[in-house]
Amino acid sequence: MKEVSQLENEVQDYYGKELQSSDDLKTNACCTVVDYPQKIKQALKNVHDEVLTRYYGCGLTIPTQLHGLRVLDLGSGAGRDCYLLSQLVGKDGHVLGIDMTDEQLEVANRHIDWHRDKFSYSDSNVSFVKGNIQDLSSAGIETEDFHVIVSNCVVNLAANKKAVLQEAHRVLKDGGEFYFSDVYCDRRIPHHLVNDRELYGECLSGALYWNDFFNIAREVGFSDPRIVDSRRLTIENKSVLKKTEGYNFYSVTHRLFKIPGLEPACEDYGQAVRYIGGVEEEPLFFRLDDHHLFEKGKVVPVCGNTWSMLENTRYSDYFEFFGNFENHFGIFPGCGTEIPYHDQPTNSSETLNSKDSGCC
Ligand SMILES: C[S@@+](CC[C@H](N)C(=O)[O-])C[C@H]1O[C@@H](n2cnc3c(N)ncnc32)[C@H](O)[C@@H]1O
C-alpha cells in the first residue's frame, strides 16, 4: 500500500491541478443525479458559476430544518454546498468548510464576499479552513461544536475512514447528525486498485465495502446508520471499466445521529409518533430515511431508535410521542439493521450513464 502522505499528495494534485471542472472527470462517481427539491434549485441559482463548475459531489447532502444551526462541511472543495447551506442556516447560523487542497480553498475563499452580498448578509456566515478531516482538532475544531456535519464524496478519499467518523462524532453536539454522501463498494477493494491514482482520485478505489462502513460507524458511536438514498454507479470509461470489472459501486447518502443510547438493533417498545407538521421543506410528509415516511397527522408505530432520532434531535417540536421505553416486544419488524444496498438502481435516480445523464 502507498504511504498515507503519498495518497494525500495525489488527491491534492488531482483536485488541485488535474481537474479544473467537473467536465474533466473520467467517471460519474463524483456526479449528482438527483431531482433537487425546489428550495435547493432556487438556492443553487444564487451560487457563483465558478463555484458550481468545480463541484464534484455525488449526492444531495442538505438535510432539512437547518435554520440558525452551525454546520461543518468535511472536504468542502470549492464551496458549493457551503454556499447552499449559508442560505439555509440564515444569518444567525454558521457554515465552516474544511479542505486540504489549496486550489479548492482559493476558489471557495475568493467568493465569500460575492455570496455575502448576494444573500444580503451584513457579515458572511461562511468560513473555510485548511486541514485534514482525519484530524479536526489540528484545524482548531472543538468538541461538540456543530449541530450538523455534511460531506459530499470525500470520505472515500481519506486513508483512515475510521478517524474521519471518530472526529465527526467528537465535534457533533448530542442530538446532532452527520448527513453525507459517499461511494461504497459491494466488496473489499484490493491494494493494487487502491494504489491506482486515477481510480482513487475518481472516488472509486478508496470506497469502503459497505458492511465495513456499518461496522466502523457503530464502533465510533453512530449506532444505527440510516440510508437516505442510494444509486448504483455505472462506468462508461473503458480503461476504468476494465480495471474495476466485478466491483459494483454505489453512491449512498447516510444520516448518522449522535444520540447516546441508540441500539445496534432496533427494538420495539410499543411506541408511536405523529408528525404534526412544521418542518418547512416537508409540509405534508416527513422523510427520515429511505423506509420511514411520516404523513402529517397519522400515528405511526416506531422502534426505540427511530423514536429517539425524532425526540432527541431538532425534529422533536414537530412530532407527538406516544409510549416509553418500559415495554419490550423484541426486534422491530421491518426496521432491521444490515440493510444491503440494492443490486439494481433504486429510488428516484435511474441508472447513470456518464455520457447522457447531464450530471455535474
Ligand atoms: C470529490 S471532491 C468533493 C468536493 C466537494 N465536497 C464538492 O462536493 O464539490 C473531494 C474533496 O475532498 C478533499 N479531501 C480529500 N481528502 C481530504 C482530507 N483527508 N482532508 C481534507 N480534505 C480532503 C479534496 O481536496 C477535494 O476538494
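Here's a quick briefing on the overall build of this protein, one of its helices and one of its sheets. Keep in mind that the model is predicted. The protein has 360 residues and a radius of gyration of 20 Å, which agrees with the value near 21 Å for a compact globule. Its secondary structure adds up to 12 helices and 13 strands.

**Overall build**
- Along the principal axes, the C-alpha atoms take up a box of roughly 55 × 50 × 40 Å.
- Buried residues make up 58% of the 360.
- Take the contacts between residues at least 6 apart in sequence: 80% of them link residues at least 24 apart.
- About 15000 Å² of the protein is exposed, and 47% of that comes from carbon and sulfur atoms.

**Helix H10**
- H10 spans residues 210-220 and is mostly covered, with 8 of its 11 residues buried.
- The buried set is Trp 210, Asp 212, Phe 213, Phe 214, Ile 216, Ala 217, Arg 218 and Val 220.
- What do they pack against? Helix H7 (161-171) is one of the partners, along with strands E5 (172-185), E6 (208-209), E7 (226-232) and E8 (249-257).
- Right after H10 comes Gly 221, with a positive phi near 120°.

**The three-stranded sheet**
- This open sheet of 3 strands runs in the order E12-E9-E13, and the pairing is antiparallel.
- E12 (299-302) and E13 (319-322) are the edge strands, each pairing on one side only.
- From one strand to the next, the twist averages 30°.
- E9 (residues 271-275) is joined to E13 by 4 bridges, and Ala 272 sits opposite Phe 322 of E13.

Conventions. Residues are numbered from 1 along each chain as its sequence is written. This is a predicted model: local features need pLDDT of at least 70, side-chain atom pairs count only at pLDDT 80 or more; totals for chains, interfaces and linings use all residues. Side-chain values use heavy atoms; hydrogens and water are left out. Two strands pair if DSSP finds at least two bridges between them. Helices (H or I, at least four residues) and strands (E, at least two) are DSSP runs, numbered from the N terminus. Axes are lines fitted to C-alpha atoms, for helices over the stretch in contact, and angles run from 0 to 180 degrees between N-to-C directions. Buried means under 20% relative accessible area, exposed over 50%, partly exposed in between (1.4 Å probe, protein chains only). Contact means heavy atoms within 4.5 Å. The radius of gyration is taken over C-alpha atoms; the globule rule is 2.2 Å times the number of residues to the power 0.38. Accessible areas come from the Shrake-Rupley method with a 1.4 Å probe; for residues, only the protein chains shown count as cover.
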